[in-house]
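Here is my note on the model you sent. The points run from the overall fold to the domains.

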Protein chains: 2
Amino acid sequence: MWAGPLIERKRDGGALASEEWRDLIAAYTAGDVPDYQMSALLMAVFLNGLEPAETAALTGAMLDSGARLRFDHLRTPCVDKHSTGGVGDKVSLVLAPLVASCGVAVPMISGRALGHTGGTLDKLEAIPGFRTALSPGEIQRQVESLACAMIGQSADIAPADRKLYALRDATSTVESVPLIAASIMSKKLAEGISGLVLDIKRGSGAFLPDLETGLELARTMIQLGEDHGCRTVALLTAMDRPLGNACGVALETEEAIAGLRGEAPADLMEVTYALGVEMLLLGGAARTPGEARASLERAVRAGKAADKFRSVVAAQGGNPAVLDDPGLLPQAPEVATYAAPRAGFVAGIEPRVLGKAIVEMGGGRRTMDDAINPAVGFVVATRPGDTVEAGQPLASIYAANAQGIRVGIAALNRAIRIVSETPPPGLPLISHRVTREGVETVA
Amino acid sequence: MWAGPLIERKRDGGALASEEWRDLIAAYTAGDVPDYQMSALLMAVFLNGLEPAETAALTGAMLDSGARLRFDHLRTPCVDKHSTGGVGDKVSLVLAPLVASCGVAVPMISGRALGHTGGTLDKLEAIPGFRTALSPGEIQRQVESLACAMIGQSADIAPADRKLYALRDATSTVESVPLIAASIMSKKLAEGISGLVLDIKRGSGAFLPDLETGLELARTMIQLGEDHGCRTVALLTAMDRPLGNACGVALETEEAIAGLRGEAPADLMEVTYALGVEMLLLGGAARTPGEARASLERAVRAGKAADKFRSVVAAQGGNPAVLDDPGLLPQAPEVATYAAPRAGFVAGIEPRVLGKAIVEMGGGRRTMDDAINPAVGFVVATRPGDTVEAGQPLASIYAANAQGIRVGIAALNRAIRIVSETPPPGLPLISHRVTREGVETVA
């Protein structure tokens, strides 16, 4: 296939027909369109956008490039959650078993850390023995028996997206609303789910910081989901500071385990419950938000959420004792306390600075081939708006060596802004709810 | 070298520093930046443009990627001409020997046919035995002895441009003013010339049809030339109809040979003389345009231009008898006459339609690897504005077979528009003259 005329049309602001997207993606996946043509097209898409019908066609073409899970025969509805990614966002590890323990199945396909944001797969694999690469048969059986599987994107799910994502990562064409939407939805729709909740991050630590862009992404993904018969709801949540206290692979796993018992920081619990409410409503396991919330809180209190995670860990080859002894998670050899350099108000905690420091400390990835050290990171014990004294401990640094501690201290110096006057408030933790009916502001 | 941040900056409308362009082009030429990153960057350049300093840096980087010819020791100044390309444009074959016969040396590096436009190298190679690939030593000696060499771009001239041009051709990023300007000027400045005349085509058959874009290209190239100490002048000429009558490789060679004796169609002679006047002025071989024009016309009348071409043909291995017997050029087995389908006025002759038909008939290239049949094409014996009778012969079609004749007839039916009322005039043959001082309208 000769892609020249298609590139030219997109370059000049025109649109490609659905069949053209289908043929192009099929040819690219088969290796019949070279990377250098596709990357020129991606840059033209980045700069000139896609019409809604084009985004739909691209999503469909990527979805059709691979296999789909099927859970039509289950009596339990299948619902999933996707987050656009942030620093300290370990919600998936709490949410999937929690929702599964309330009668909605969650076949969750997650990704790895990339750039300044973490990835659920890495956090799961911090648990000794945990396998995220299950065969389709294993996934099927586990969702049937436990109502929950937490897995990686296998080679046969949306292979076109895998190839395109790697190319976008190398050609600075990641942060495009239609490309992000098509990439996420082609994978999620392959899960065979009937409902999807989106956690769209906004603020300085998000991939798309700006509110309007976040809303546009929400609307685009909701349209794609609904077009494929998947009820889709989005919450816009704050990523102008980390979510919870722990930032770093195994530190986040430990905080998530605490969250399964309701013992995680309040912001993490609140976002988890809010997303869980939407999932139970979509899955028909509750009739009202209040009923859903009560069901979730009950599952946490009664230990059902933790038990469900324990079963999932065991089923996927992990050591379930980790739930009772976080010391089984990878431990950093060097730990240091970061104290407030002066008294004042915490005006902000910049997530991107911490996320990039974790990469520099060896706990994240610059490229998909990088190995990671899961033990490194931060536990930040303060929050924007807090009053602090000079010398007061604000955070712990976990590092592989003394150099890592130095990197961590430098990052905290930049990330935690201490001012002398009451700072303006940060973003509301949960600010908007978007459905196919429109946008509501969350009180 | 990791090009990601540079792509990102250009994508977001920023500028790359001169050292960044230099390092990027060096790394790309060495194979250390992959095609898929460069093509994303080229698309961002296409859509967001380049600042003048960036175009200069890119041109310098491409120039520095290879060797340069040196003629500093010659007592004769070296001047060249470049045309942005059109249909029927065989000016180079007449102009180079003509100017060389008037005391200005012309070391002319030309290109091949691509897309709907022809290429000088193919027309030269239609002459049996003619070699366009000379060694640097051969070029040097021939320019010293004959004041003229007509050659192709060797592998050691601007290799970065060769690689980039192939990539642009495959990724629909050709028609960008800064990229075109940098590509042309990096090659021309490598010729070691002290003056350059540009023939910027405008109208429907030009790569950049629109007047304003043509002027922008002229200004950009003049600036690049002058920055490198090469006096540069541009004429804007009409390409809303073919130049001369012959369109097609060997047919154009034959018409060019007639032009050396002053026997070519008036428009071809006029453009040739106008460009020649500029070259003689730049080379200091005439003090006024009138003196230059008289010198050129004298060289044609006295047979000096034809003699010079004869010497160049012989020096480059070609059969000089072709000047006296055009039957030595490749001949098409099928020839047909195209008659006017109805009476009326010729409103236009669309060059792009004829150029594309020649490609379809085997006489042009879709990609640089295509072989060509030099014998096919058209000789169009009418001009826009002519009054024609139904059945009057308007053109001859030269083809490899009966199918080619059918393609040719269909093309002429579309290309030659015959209307019943006096049509508006076409573009002025030569409309603007651009120098570093500014733009003049040509009377």
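1. Helices (H or I, at least four residues) and strands (E, at least two) are DSSP runs, numbered from the N terminus. On that basis, chain A has 16 helices and 14 strands.

2. A word on the source. This is a predicted model, where local features need pLDDT of at least 70, side-chain atom pairs count only at pLDDT 80 or more, and totals for chains, interfaces and linings use all residues. Residues are numbered from 1 along each chain as its sequence is written.

3. Overall size. The radius of gyration of chain A (over C-alpha atoms) is 21 Å, which agrees with the value near 22 Å for a compact globule of 443 residues. The globule rule is 2.2 Å times the number of residues to the power 0.38. Along the principal axes, the C-alpha atoms fill a box of roughly 65 × 45 × 40 Å.

4. Burial. Buried means under 20% relative accessible area (1.4 Å probe, protein chains only). Of the 443 residues of chain A, 57% meet this.

5. Contacts. A contact means heavy atoms within 4.5 Å. Take the contacts in chain A between residues at least 6 apart in sequence: 77% join residues at least 24 apart.

6. Domains. The bounds come from an automatic or database domain assignment. In chain A, domain 1 spans 4-49, domain 2 is 79-325 + 430-441, and domain 3 is 330-419. Domain 2 is thus written as two segments. The contact between domain 1 of chain A and domain 2 of chain A takes 11 residues from domain 1 and 13 residues from domain 2. Their centres, taken over C-alpha atoms, are 30 Å apart.

Definitions and conventions:
Chains lettered and ligands numbered in written order. Heavy atoms only, no water. Buried < 20%, exposed > 50% of the residue type's maximum accessible area, 1.4 Å probe, protein only.
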